[in-house]
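Visitor: I would like to learn how the labels used for a protein structure are justified. Please show me the structure, and then take the labels one by one.

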Amino acid sequence: PHGFNLKGYETVFKDPLLIRSYGNTILYVIGNTVLTLFFTALTAYPLSIPGFRLKIPVTVFLTIPMFVSGGPIPTYMLMRNMGLINSVWVMMLPFCVGAYNVILFRTFFTGIPAALREAAIIDGASEVTVLFRIIFPLSKAIFATIGLFTLVAKWNDWFSALIYLNRESMYPLQMILRKI
């Protein structure tokens, strides 16, 4: 008699839209996290190699948007012109490669002894082999850190869905909770 009164709430958990939005959220979170880790690592690796000719121009190109961004209206127009509005990709692709994360990855990769890379190259390994068989396995800590940051940020992201999604069937859980 003195417990919680859950009358009326049991129907909320049976709502198919709520269940679907939960699945959408899991898809968006996992997809965005995997894409972010993969593309950020691929961007940062060449920047960590001594003698890479485009290191300074690419770093400047990545750093400027940290201080000056176009804002939400040009970003929306870009997503619309690319045909991403009301698609799964609009919740996963934008902002996959952030300058801050690239700098963190590059700094971590720079801390890995260059002798490992050089020895692999001497043994005939390509840069792709070095990246996937030496650098990535030694970088579990940075992958876990950036992965956790990305996962939490995407889980809490409701604003992207508010801007880019018009169909309720594609809403993440946060939009349904906001609606409730």
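Guide: We start with a cut-off: a residue is called exposed when its relative accessible area is over 50%, and buried when that area is under 20%. Keep in mind that this is a predicted model.

Visitor: Why is Phe 95 called exposed?

Guide: The relative accessible area of Phe 95 is 66%. The cut-off for exposed is over 50%, and therefore Phe 95 counts as exposed. Phe 95 sits in the loop between α3 and α4.

Visitor: What is the phi of Phe 95?

Guide: Phi of Phe 95 is near 65°, which is a positive value in a residue other than glycine. Most residues other than glycine have a negative phi. Asn 86 also has a positive phi, of about 60°, and is not a glycine.

Visitor: Where is Asn 86, and is it buried or exposed?

Guide: Asn 86 is in the loop between α3 (72-81) and α4 (99-111). Its relative accessibility is 19%. Buried means under 20%, so Asn 86 counts as buried.

Visitor: What makes Ser 87 buried?

Guide: Ser 87 has a relative accessible area of 15%. That value is under the 20% cut-off, so the label is buried. Ser 87 lies in the loop between α3 and α4. Neighbours within four places in sequence aside, Ser 87 is in contact with Leu 165 and Met 170. Its C-alpha is 9.7 Å from that of Asn 166, a residue 79 places away in sequence.

Visitor: How do you know that Ser 160 is buried?

Guide: The value for Ser 160 is 14%. Buried means under 20%, so Ser 160 is buried. Ser 160 belongs to helix α8 (residues 159-164). Setting aside neighbours within four places in sequence, Ser 160 is in contact with Met 91, Lys 154 and Leu 165.

Visitor: How much of the protein chain is made up of buried residues?

Guide: Buried residues account for 34% of the 180 residues in the protein chain.

Visitor: Why does Phe 149 count as partly exposed?

Guide: Phe 149 has 48% relative accessibility. Partly exposed covers the range between the 20% and 50% cut-offs, so Phe 149 counts as partly exposed. Phe 149 is in helix α7 (residues 140-155). The C-alpha atoms of Phe 149 and Asn 101 are 9.8 Å apart, although 48 residues separate them along the chain.

Visitor: What makes the pair of Trp 158 and Phe 159 edge-to-face?

Guide: A search of the whole structure finds 10 aromatic pairs. In the pair of Trp 158 and Phe 159, the centres are 5.9 Å apart and the planes are at 90°. Rings pair if their centres lie within 6.5 Å, and planes over 60 degrees apart count as edge-to-face. Both conditions are met, so this is an edge-to-face pair. Trp 158, at 36% relative accessibility, counts as partly exposed, and Phe 159, at 45%, counts as partly exposed too.

Visitor: Which residues do ring pairs link into a cluster?

Guide: The cluster consists of Phe 38, Phe 39, Tyr 45, Phe 105, Phe 109, Phe 132, Phe 136 and Phe 143.

Visitor: Why are α2 and α4 called oblique to each other?

Guide: Helix α2 (residues 55-67) packs with α4 at an angle of about 135°, and their axes are 9 Å apart. Angles of 65 to 115 degrees count as roughly perpendicular and those over 145 as roughly antiparallel. An angle of about 135° falls in neither range, nor is it under the 35 degrees for roughly parallel, and therefore α2 and α4 are oblique. In this contact, α2 supplies Thr 59, Leu 62, Thr 63 and Met 66, while α4 supplies Ala 99, Tyr 100, Val 102, Ile 103 and Arg 106. By class, the contact has 6 nonpolar, 2 polar and 1 charged residues.

Visitor: How many helices and strands does the protein chain have?

Guide: The protein chain has 9 helices and 0 strands.

Visitor: What is the radius of gyration of the protein chain, set against a compact globule?

Guide: The protein chain has 21 Å, whereas a compact globule of 180 residues would have a value near 16 Å. The C-alpha trace spans about 70 × 40 × 25 Å along its principal axes.

Conventions
Residues numbered from 1 in each chain as written. Predicted model: local features only at pLDDT ≥ 70, side-chain atom pairs only at ≥ 80, totals over all residues. Heavy atoms only, no water. Helix = DSSP H or I, 4+ residues; strand = E, 2+ residues; numbered from the N terminus. Buried < 20%, exposed > 50% of the residue type's maximum accessible area, 1.4 Å probe, protein only. Phe/Tyr/Trp six-rings, centres within 6.5 Å; stacked < 30°, edge-to-face > 60°. Axes fitted to C-alpha atoms, helices over the stretch in contact; angles between N-to-C directions. Contact = heavy atoms within 4.5 Å. Nonpolar A, V, L, I, M, F, W, Y, C, P; charged D, E, K, R; others polar. Rg over C-alpha atoms; globule rule 2.2 N^0.38 Å.
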